[in-house]
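Could you walk me through this protein, beginning with its sheet and ending with its charged pairs? I am new to reading structures, so please take it step by step.

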Amino acid sequence: MITLYGHPISGNSHRVANFINILGLEYTDQVVDLSKSEHKAPEYLAKNPLGQVPTLTHGDITLRDSTAILIYLARTFDKSNSWYPQEALVQAQIQQWLSVAVHEIMNGPFVLRAIQLFGMPADEAATREKTEKLFHDLFEPHLSSNNWLVGEHATIADIACYSYIARVTEGNFSLDAYPSIQKWLRAVEAIDGFKAMMHAN
């Protein structure tokens, strides 16, 4: 039995829940109430010492970090090997985007959203500039000539990068200047089994 410990407005939680849904797996969705600091409670820290969501358990396996969980799910349950193909070059290309998901996206779109929704203390102007640069220099040009982030079909790279980019508008940031990103978001949303991320407002 798979149990996902997460929160519905967490993009990191969403990317895992979304992928589980796309794979058609049964799982228990265990909400960790961040507003009540349940992610810092001793029983949760025993599963994830970093006190972050999500955490996934599968039998006697416990995993933290959403991108690591995506790799595990793909290698364990995707018999077609299409979401995380075995070719070394393709895996390296996917890893490039997974790194973007946990670094540049978290330092840009995630923080912009967190400033607006939760009052995160951060430099909004600098974060907006990081987000614009990320979209203008990387995502928009890449997606203007590619339907997906890696290869000719969706991979876990698309799942990992989708959530916080899709909700960057909750950070008072418009995607109007990025038609290729918008087209890609719609393509991800059209994947069979796609699970929408809750709007925070």
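Let's start with a word we will need: two strands pair if DSSP finds at least two bridges between them. Please also keep in mind that this is a predicted model.

With that in hand, look at the sheet. The sheet is open and has 4 strands, in the order E2-E1-E3-E4, with mixed pairing. Which strands form the edges? The edge strands are E2 (27-31) and E4 (61-64), and each of them pairs on one side only. From one strand to the next, the twist averages 15 degrees.

Now follow the pairing across the sheet. Strands E1 and E3 run antiparallel and are joined by 4 bridges. One residue to look for is Leu 4, whose bridge partner in E3 is Leu 56. Stay with Leu 56 for a moment, as the residue opposite it in E4 is Leu 63. Strand E3 (residues 55-58) and E4 also run antiparallel, and 4 bridges join them. Here you can find His 58, with Ile 61 in E4 as its bridge partner. The hairpin of E3 and E4 has 2 residues between the strands, and in this hairpin Gly 59 takes a positive phi near 65 degrees.

Next, turn to the helices that meet the sheet. Helix H3 (residues 66-77) packs on the sheet and touches E1, E3 and E4. The direction of H3 makes about 135 degrees with that of E4. Helix H1 (residues 11-23) lies across strand E1 (2-6), E2 and E3, and runs at about 155 degrees to E1.

H1 deserves a slower look. At its start, a side-chain oxygen of Ser 10 reaches to within 3.4 Å of the backbone nitrogen of Asn 12. How far apart should the ends of H1 be? At 1.5 Å a residue, the 13 residues of H1 should span 18 Å, and the end C-alpha atoms are indeed 18 Å apart, so the two values agree. H1 is also largely enclosed by the rest of the structure, because 12 of its 13 residues are buried. Among the buried residues are Val 16, Phe 19, Ile 20 and Leu 23, and also Asn 12, His 14 and Arg 15. After H1 comes Gly 24, whose phi is positive, near 75 degrees.

Let's move on to charges. Side chains of opposite charge can pair when their charged atoms come close. To count such a pair as a salt bridge here, a side-chain nitrogen of Lys or Arg must be within 4 Å of a carboxyl oxygen of Asp or Glu. By this rule the count comes to 3 salt bridges.

Take the pair of Glu 170 and Arg 113, whose side chains meet in a salt bridge at 2.7 Å, N to O. This pair links distant parts of the chain, 57 residues apart: Glu 170 is in the loop between helix H7 (156-166) and helix H8 (179-189), and Arg 113 is in helix H5 (residues 104-118). Are these two residues buried or exposed? A residue is called buried under 20% relative accessible area. Glu 170 has 6%, so Glu 170 is buried, and Arg 113 has 2%, so Arg 113 is buried as well. Leaving out residues up to four places away in sequence, Arg 113 touches Ile 9, Tyr 164, Arg 167, Glu 170, Gly 171, Met 197 and Ala 200.

For the other salt bridges, go to helix H6 (residues 124-144), which holds both Arg 128 and Glu 124. The closest N and O atoms of this salt bridge are 3.2 Å apart. Arg 128 and Glu 124 are 4 residues apart, about one turn of the helix. Glu 124 counts as partly exposed, at 29% relative accessibility.

Lys 133 and Asp 137 also meet in a salt bridge, at 2.8 Å, N to O. Why are these two separated by about one helical turn? The reason is that Lys 133 and Asp 137 are 4 residues apart in helix H6. Lys 133 is exposed, with a relative accessible area of 53%, while Asp 137 counts as partly exposed at 44%.

Key:
Residues are numbered from 1 along each chain as its sequence is written. This is a predicted model: local features need pLDDT of at least 70, side-chain atom pairs count only at pLDDT 80 or more; totals for chains, interfaces and linings use all residues. Side-chain values use heavy atoms; hydrogens and water are left out. Buried means under 20% relative accessible area, exposed over 50%, partly exposed in between (1.4 Å probe, protein chains only). Axes are lines fitted to C-alpha atoms, for helices over the stretch in contact, and angles run from 0 to 180 degrees between N-to-C directions. Contact means heavy atoms within 4.5 Å. The expected span of a helix is 1.5 Å times one less than its number of residues. A polar contact is a pair of N or O atoms within 3.5 Å; within protein, one must be able to donate a hydrogen and the other to accept it, and residues adjacent in sequence count only if both atoms are side-chain atoms.
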